[in-house]
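Subject: Handover of a structure and notes on it

Dear colleague,

I am handing over to you the structure shown below. Please look through it before reading the notes that come after it.

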Amino acid sequence: MERYESLGLVGEGSYGTVLKCRHRESGRLVAIKKFMDSDDDKTVKKIALREIKLLRQLRHDNLVNLLEVWKRRRRWYLVFEFVERTLLDDLEKNPNGLDLNTSRQYLYQILRAVAFCHQQNIIHRDIKPENILISQGDLIKLCDFGFARTMTMPTDGGVYTDYVATRWYRAPELLVGDTKYGKPVDVWAVGCLLLEMLTGQPLFPGDSDLDQIFHIVRCFGKQISLVKISKISTLSTLNVIVLNNTVIPWCFHSQNCLQMDPESRAHCSELLDHPLFTQDSFNIR
Ligand SMILES: Nc1ncnc2c1ncn2[C@@H]1O[C@H](COP(=O)(O)OP(=O)(O)OP(=O)(O)O)[C@@H](O)[C@H]1O
């Protein structure tokens with residue numbers, strides 16, 4: 001740690017703190033995630049080791065880059081490239097939501113990050129605005145792999161029992177206690193994020209697990225009265241709907257990310273081929 005000068009706290013999580021630091025020799029800015037004492041607490045140890053193992057395996061432009069790791073006085077330290085802001089910061093600055101083009105560009109990169117994890121058979125399990133870092137030039141970097149895990153083969157009969165991640169982005173199967181969930185939980189969270197980017201408001205801000213289910217059921221019950229917009233030409237080609245003044249790219253909402261049945265949700269790799277990204281007038285590749 002002596003090689004780095006601390007410039008202040010940037011984040012505080014359940015299992016440690018994240019400090020902005022400068023490498024004394026090179027001047028490079030980094031974020032150092034310092035876990036709590038991991039020898040006494042088995043959960044901290046498990047989360048730290050899992051994050052280290054997965055991040056060493058996962059290298060991608062849209063994933064935060066792990067630079068070095070050490071353990072000192074029973075604490076793990078993870079050094080990352082420093083990223084200027086999070087999606088939460090952008091949403092706080094834009095309470096009415098981000099414009100469609102910005103949302104689309106962010107969404108595309110988030111999908112690339114998650115598709116890459118899924119290709120490696122890893123589910124992130126905690127996709128939320130705080131964990132979407134945005135660097136200069138609006139490059140998305142997904143972070144926080146403390147809850148991520150490798151999927152077991154269906155034949156292993158693996159069940160996942162340690163899921164505690166953020167409620168607002170939790171898929172219905174998690175809320176009802178299904179322990180055999182999979183990649184579709186990340187797709188649900190991405191669907192929630194998209195709507196939050198477009199409106200500035202969390203889609204399902206439940207204040208308890210039960211309330212979370214009510215939020216979701218209420219929204220799906222209202223689908224019958226959804227109205228298509230035809231007058232906004234750029235949006236209508238994407239088959240957009242309005243729900244309580246919320247603009248929703250319908251294809252995402254109804255056929256893809258936010259399906260109640262996880263089996264019916266699209267795969268991230270399919271979503272990357274969605275007209276939202278491939279149509280000439282919207283092409284961002
Ligand atoms: N590389 C980074 N650059 C800048 N800020 C970062 C970086 N990594 C993390 N942060 C900030 O620190 C916060 C906490 O980081 P992270 O989510 O990895 O820690 P955590 O202890 O797992 O938190 P939580 O309990 O909220 O999941 C992030 O939400 C982000 O604001």
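The notes below go from the chain as a whole to its domains, its ligand, its core and some single residues.

Please keep in mind throughout that this is a predicted model.

Overall organisation

The chain has 10 helices and 13 strands. Of its 285 residues, 37% are buried. Among the contacts in the chain with a separation of 6 or more, 58% are between residues 24 or more positions apart.

The domain assignment divides the chain into domain 1, covering 4–81, and domain 2, covering 85–278. In the contact between them, 12 residues come from domain 1 and 16 residues from domain 2. On the side of domain 1 that touches domain 2, the residues comprise 7 nonpolar, 3 polar and 2 charged.

The ligand and its surroundings

There are 21 residues around the ligand, of which Gly11, Gly13, Val18, Ala31 and Asp144 come nearest. By class, this shell holds 10 nonpolar, 7 polar and 4 charged residues. Four strands, β1 (4–13), β2 (16–23), β3 (29–35) and β5 (75–81), each supply at least two residues of the shell. The largest share comes from β1, with 3 residues. Where does the ligand shell lie with respect to the two domains? Domain 1 (4–81) and domain 2 (85–278) both give residues to the shell, so it lies between them.

Lys34 is covered by the annotation "binding site" in the UniProt record, which is an unreviewed entry. This residue lies in strand β3. Lys34 has 16 C-beta neighbours inside 10 Å and therefore counts as partly exposed. Apart from neighbours within four places in sequence, Lys34 is in contact with Gly16, Thr17, Leu19, Arg75 and Tyr77.

The nonpolar core

The largest nonpolar core contains 66 residues, and Ile110, Leu111, Val114 and Val190 touch the most other members. Helix α5 (residues 184–199) gives the most to this core, namely 11 residues. Because domain 1 (4–81) and domain 2 (85–278) both give residues to the core, it lies between them.

Ile110 may serve as an example of how this core is connected. Not counting residues up to four places away in sequence, Ile110 touches Ile132, Ile140, Leu142, Val190 and Leu193. Val190 thus appears both as a partner of Ile110 and among the residues that touch the most other core members.

Residues with positive phi

Two residues other than glycine deserve a look at their backbone angles. Asn121 has a positive phi, near 65°, and is found in the loop between α3 (100–119) and β7 (122–123). Arg125 also has a positive phi, of about 70°, and is found in the loop between β7 and β8 (132–135).

Are these two loop residues buried or exposed? Asn121 has 13 other C-beta atoms within 10 Å and is therefore partly exposed. Arg125 has 25 other C-beta atoms within 10 Å, so this residue is buried.

Separations in sequence and in space

Three pairs of residues show how distance along the chain relates to distance in space.

Thr86 and Glu130 are 44 residues apart along the chain, and their C-alpha atoms are separated by 5.8 Å. Thr86 has its place in strand β6 (residues 85–86). With 20 other C-beta atoms within 10 Å, Thr86 is buried, since the cut-off for a buried residue is 20 or more. Leaving aside neighbours within four places in sequence, Thr86 is in contact with Pro129, Glu130, Ile132, Leu133 and Ile134. Ile132 is thus a contact of Thr86 and also of Ile110.

Arg56 and Glu68 are 12 residues apart in sequence, with a C-alpha to C-alpha distance of 9.7 Å. Arg56 lies in helix α1 (residues 42–57) and is exposed, with 10 other C-beta atoms within 10 Å.

Gln201 and Met36 are 165 residues apart along the chain, and 33 Å separates their C-alpha atoms. Gln201 is found in the loop between α5 and α6 (209–221). This residue has 14 C-beta neighbours inside 10 Å and so counts as partly exposed.

With kind regards

Note on methods:
Residues numbered from 1 in each chain as written. Predicted model: local features only at pLDDT ≥ 70, side-chain atom pairs only at ≥ 80, totals over all residues. Domains from an automatic or database assignment. Contact = placed C-beta atoms within 7 Å. Nonpolar A, V, L, I, M, F, W, Y, C, P; charged D, E, K, R; others polar. Near = placed C-beta within 6 Å. Core = buried A, V, L, I, M, F, W, Y, C linked by C-beta atoms within 7 Å. Buried ≥ 20, exposed ≤ 12 C-beta atoms within 10 Å, placed from the backbone. UniProt positions renumbered as here; feature names shortened; annotations may be inferred.
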